[in-house]
Structure formats: structure tokens, C-alpha cells
Amino acid sequence: REAVLAPRRRLLAEGLAELAGWCGAESERIEWIRPDGGALCSLRLRADAFDDTAVARFWAMLPGHELQLASGAWFGERERVFRLGFGYLPPGRLGPALDALSAVLDAAAPSP
């Protein structure tokens, strides 16, 4: 049992640490709920950073960056909420995916 679970726990811990760092760097644009367990978390585009038009732009731009997020609307939440899986990508792929997500945030944000 431990031989199977130990590598998975390590992968999840590393992914969560990488995601936590990204969320800290993006805290002016997103909010998140740090999960107690599992491989998913909930994030929210901050209302003071993204108006409804910017949220729509965010969703429209995701496919062009090969990002797949679960819309909060699928779970009875608002469109500005999404779920992100941090424990599924192989090591070395989460960072580039988070960088791509930052690029989408840059492009979707309202002009100053």
C-alpha cells in the first residue's frame, strides 16, 4: 500500500506547493481555497480585478492556451469561480500550465 501511495502523496505535495506559490504571486487577481486533501482546488477571479466582461474574455481565451479548467457554473457557482487540478499533470508540466494561466489573466484583464 505504501509503495503505491507514497509517490502519489509526494506528487500532490509538490503540486500543491507550486500552486500555492503561484496563487501568492497572483493574489491581486485571484483568490483560492487551499485544499485539505485531494488533487483539485477552487479559485475565483477577484471581482475588483475582473468585471463580468473580463470574466467572459477569460473563458473565451482558455482554449487557445490549451488550458482546461472546470467552470464554477458546472457546480452551481458563478462564472468567476473555477476548479483547477494540480495533481494530475506530470512533474514539470504544472509550472508551464500556471504560466499560461497567468498569460490568460494578463490578456483577459480590463484595460487600465
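Select Ala25 first: its relative accessibility is 68%, and Ala25 therefore counts as exposed (buried means under 20% relative accessible area, exposed over 50%, partly exposed in between, with a 1.4 Å probe and protein chains only). The model is predicted: local features need pLDDT of at least 70, side-chain atom pairs count only at pLDDT 80 or more, and totals for chains, interfaces and linings use all residues. Residues are numbered from 1 along each chain as its sequence is written, and side-chain values use heavy atoms, with hydrogens and water left out.

**Stop 1: Ala25 and Glu26**

Ala25 belongs to helix 1 (helices, H or I of at least four residues, and strands, E of at least two, are DSSP runs numbered from the N terminus). Add Ser102 to the selection: 77 residues separate Ala25 from Ser102 in sequence, and their C-alpha atoms are 9.8 Å apart in space.

Move on to Glu26, in the loop between helix 1 (2–25) and strand 1 (30–33). Is Glu26 buried or exposed? Glu26 is buried, with a relative accessible area of 8%. Display the side chains of Glu26 and Ser102, which are joined by a polar contact of 2.7 Å. A polar contact is a pair of N or O atoms within 3.5 Å; within protein, one must be able to donate a hydrogen and the other to accept it, and residues adjacent in sequence count only if both atoms are side-chain atoms. When neighbours within four places in sequence are set aside, Glu26 is in contact with Ser102 and Leu105 (contact means heavy atoms within 4.5 Å).

**Stop 2: helix 1 against helix 3**

Two packed helices are described by the angle between their axes and the distance between the axes. Show helix 1 and helix 3 together: their axes come within 10 Å and cross at roughly 25°. Axes are lines fitted to C-alpha atoms, for helices over the stretch in contact, and angles run from 0 to 180 degrees between N-to-C directions. Helix 1 and helix 3 are therefore roughly parallel to each other; angles under 35 degrees count as roughly parallel, over 145 as roughly antiparallel, 65 to 115 as roughly perpendicular and the rest as oblique.

The crossing of helix 1 and helix 3 is right-handed (a crossing is left-handed if the near helix is turned anticlockwise from the far one by less than a right angle, and right-handed if clockwise). To see the contact, select Gly15, Glu18, Leu19 and Trp22 of helix 1 with Leu94, Gly95, Leu98, Leu101, Ser102 and Leu105 of helix 3. Colouring these residues of the contact of helix 1 with helix 3 by class gives 6 nonpolar, 3 polar and 1 charged. Ala, Val, Leu, Ile, Met, Phe, Trp, Tyr, Cys and Pro count as nonpolar, Asp, Glu, Lys and Arg as charged, and the others, Gly among them, as polar.

**Stop 3: helix 2 against helix 3**

Keep helix 3 (residues 94–108) displayed and add helix 2 (residues 52–61): the two axes come within 9 Å and cross at roughly 140°. That makes helix 2 oblique to helix 3. The crossing of helix 2 and helix 3 is right-handed. On helix 2 the contact is made by Ala54, Arg57, Phe58 and Met61, and on helix 3 by Leu101, Val104, Leu105, Ala107 and Ala108. The contact of helix 2 with helix 3 has 8 nonpolar, no polar and 1 charged residues.

**Stop 4: Phe82 and Cys41**

Centre the view on Phe82 in strand 4. Phe82 counts as buried, at 0% relative accessibility. Beyond its neighbours within four places in sequence, Phe82 is in contact with residues including Cys41, Phe58, Trp59 and Leu101.

Then select Cys41 in strand 2 (residues 40–45). Cys41 counts as buried at 4% relative accessibility. Residues up to four places away in sequence not counted, Cys41 touches Leu19, Trp32 and Phe82, among others. A C-alpha distance to display here is that between Cys41 and Gly85, which are separated by 6.6 Å and lie 44 residues apart along the chain.

**Stop 5: Arg80**

Go next to Arg80, in the loop between strand 3 (70–71) and strand 4 (81–85). Arg80 counts as buried, with 7% relative accessibility. Neighbours within four places in sequence aside, the contacts of Arg80 include Arg44, Arg46, Asp51 and Asp52.

**Stop 6: Gly64 and Glu66**

Finish in the loop between helix 2 and strand 3, where Glu66 is found. Most residues other than glycine have a negative phi. Glu66 has a positive phi of about 55° although it is not a glycine. Glu66 counts as exposed at 75% relative accessibility. Gly64 also has its place in the loop between helix 2 and strand 3, and Gly64 is exposed, with a relative accessible area of 68%.
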